[in-house]
Amino acid sequence: MPEHLRTLVVILVLAGGTFALARAPACAAAMKDEDFLRRRNVWFALTLAVFLAHNFWLFVLFAAVLLLLALPAEGNKLALYFFLLFAVPAIDAEIPGFGVVEHFFAIDYLRLLSLAILLPAWLALRIRPEAEPFGRSGADKLLLAYLLLQFFLQLPHTALTEALRRGVFYAFTDVFLPYYVASRAARDRAALREALMAFALGALVLASIALFEFARHWLLYAPLDGALGVDWGMLNYLERGDGLLRAQASTGQPIILGYVLAVALGLALYLGRFIPTRTLRQAALALLAAGLVAAMSRGPWVGAALMVVAFVATGPKAVPRLLKLGAAGLCVVPLLMVSPAGQSLVDYLPFVGTVEAQNVAYRELLFDISLGVVLENPLFGAWDFLQLPVMQQLKQGEGIIDVVNSYLGVALASGFVGLALFCGFFLVVLVELCGAMRSAGERGGEPYVLGQALFCVLVGVLVMIASTSSLTLIPVVYWSIAGLAQAYARSRVVERAEEVAPQGAPHEFA
């Protein structure tokens, strides 16, 4: 049996078991059972299609038809989007053109989801009277200014068709649609909770697959691009330390997997209050945490730890709970230092570990060289910075320059102006989110805890992207989380507690 068919069987078993265990608590907390079953069936159909198509374009065609057929029955399009977001790797290929047009645009699974699910949601939201028009909020204005700046900066360096493709079409599908739909679609708190639960369910499946990959030293999605006839360049075997495989599941890179699971772990701090039994709550948190460990990515470990600390610090009885957390940490440290197993674990930790210390040296060199480039082009950066001679010393063994810092990437390409717009967008979102939290009632109540979880996740995300470039799922997730924070802050989901549907009732989204 070909390897990609053997891995398909394993994926179906792992996903089937995870969905079976998660069905009852998910439906008790946020979803109608028929919605869960429909979304689960679409997840399985997409997975079967990508492994059995044996041709990338056949998969794209089938997936597009499947998503369009599933859409009319879907009352919460954002929940459907999040549920399916991690089902298939973001393998891409260019749609060939003709004549003077070499190709129309590159299509991957993420862009396909955006076109098939988020585009119809955007069209519906534009005619919904209560949906706030884009450009009304300060965050909207900063995002629009940032996208316009990116478009105009690339015009002198690329053909007009390429500038339109990247600066308009890709910006619309990859940035605007995830942010806009996430920020406008929620009509009540229960609907927002359903979308968050869908994200967490998709991440739980990722975590179960990651644990299997880590334990068996077998990347389940690695044969997929070859089976589809596409050379994606990701899904490669990566090890850390003494031959430990870094899991990646469908995300394409271990750090992306860790990033997604850290976000899901932060959201689970809110969602867990709706799961009926303590055992199931703890099992879900343990699975997400174990998957995060299996990714062997230290940046997401830091982000997840920061989310937990921030959640405790912004919750009720913050000082005594922080003291207890600190005391527990101090008790663990001596145990780690005196045992061989503990010392081995310390070697993998960020800041104090010794495993792959050369990565720290590379990041320091990257920062020093990039800062020099930015200071030479302070206002608008150097769009072609990757071709600059000074940057060539950063080439790695694969012949690429890995800008493992999203903020540096923004500053290099668009200078301090672009960086100010990028950071200013998230700062405004955080400020509005904090304002909404202050008006959400007592700490510990559901309205407050929802905002608290979004705040902690967004802060953790902003820390994590300082250690990775914005690849595939990473920007999709941070634009979406920022949109959800805007939904909380501006769409009155906090104030409309009396309108929240009971558990199991339909929740309206666009």
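Trainee: Quick one on Cys-456: buried or exposed?
Mentor: Buried. Cys-456 has a relative accessible area of 2%. Keep in mind that this is a predicted model.

Trainee: And how many disulfides turn up in the whole structure?
Mentor: Zero, after a search of the whole structure.

Trainee: Why is there no bond from Cys-434?
Mentor: Distance. The closest cysteine sulfur to that of Cys-434 is in Cys-456, and it is 9.6 Å away, so it is too far for a bond. The cut-off for a disulfide is a sulfur pair within 2.5 Å. From the other side, Cys-456 is in no disulfide, and its nearest cysteine sulfur is that of Cys-434.

Trainee: How accessible is Cys-434, then? What's the figure?
Mentor: Its relative accessible area is 24%, so Cys-434 counts as partly exposed. Cys-456, again, is buried.

Trainee: Switching to backbone. Which phi does His-54 have?
Mentor: A positive one, about 60°, although His-54 is not a glycine.

Trainee: Where does His-54 lie?
Mentor: In the loop between helix H2 (33–52) and helix H3 (56–70). His-54 is partly exposed there, at a relative accessible area of 47%.

Trainee: What about Met-296, what's its phi?
Mentor: Near 55°. That is a positive value, and Met-296 is a residue other than glycine.

Trainee: Which helices are on either side of the Met-296 loop?
Mentor: Met-296 is in the loop between helix H11 (278–294) and helix H12 (298–313).

Trainee: Is Met-296 buried or exposed?
Mentor: Buried, with 4% relative accessibility. His-54, by contrast, is partly exposed.

Key:
Residues numbered from 1 in each chain as written. Predicted model: local features only at pLDDT ≥ 70, side-chain atom pairs only at ≥ 80, totals over all residues. Heavy atoms only, no water. Buried < 20%, exposed > 50% of the residue type's maximum accessible area, 1.4 Å probe, protein only. Helix = DSSP H or I, 4+ residues; strand = E, 2+ residues; numbered from the N terminus.
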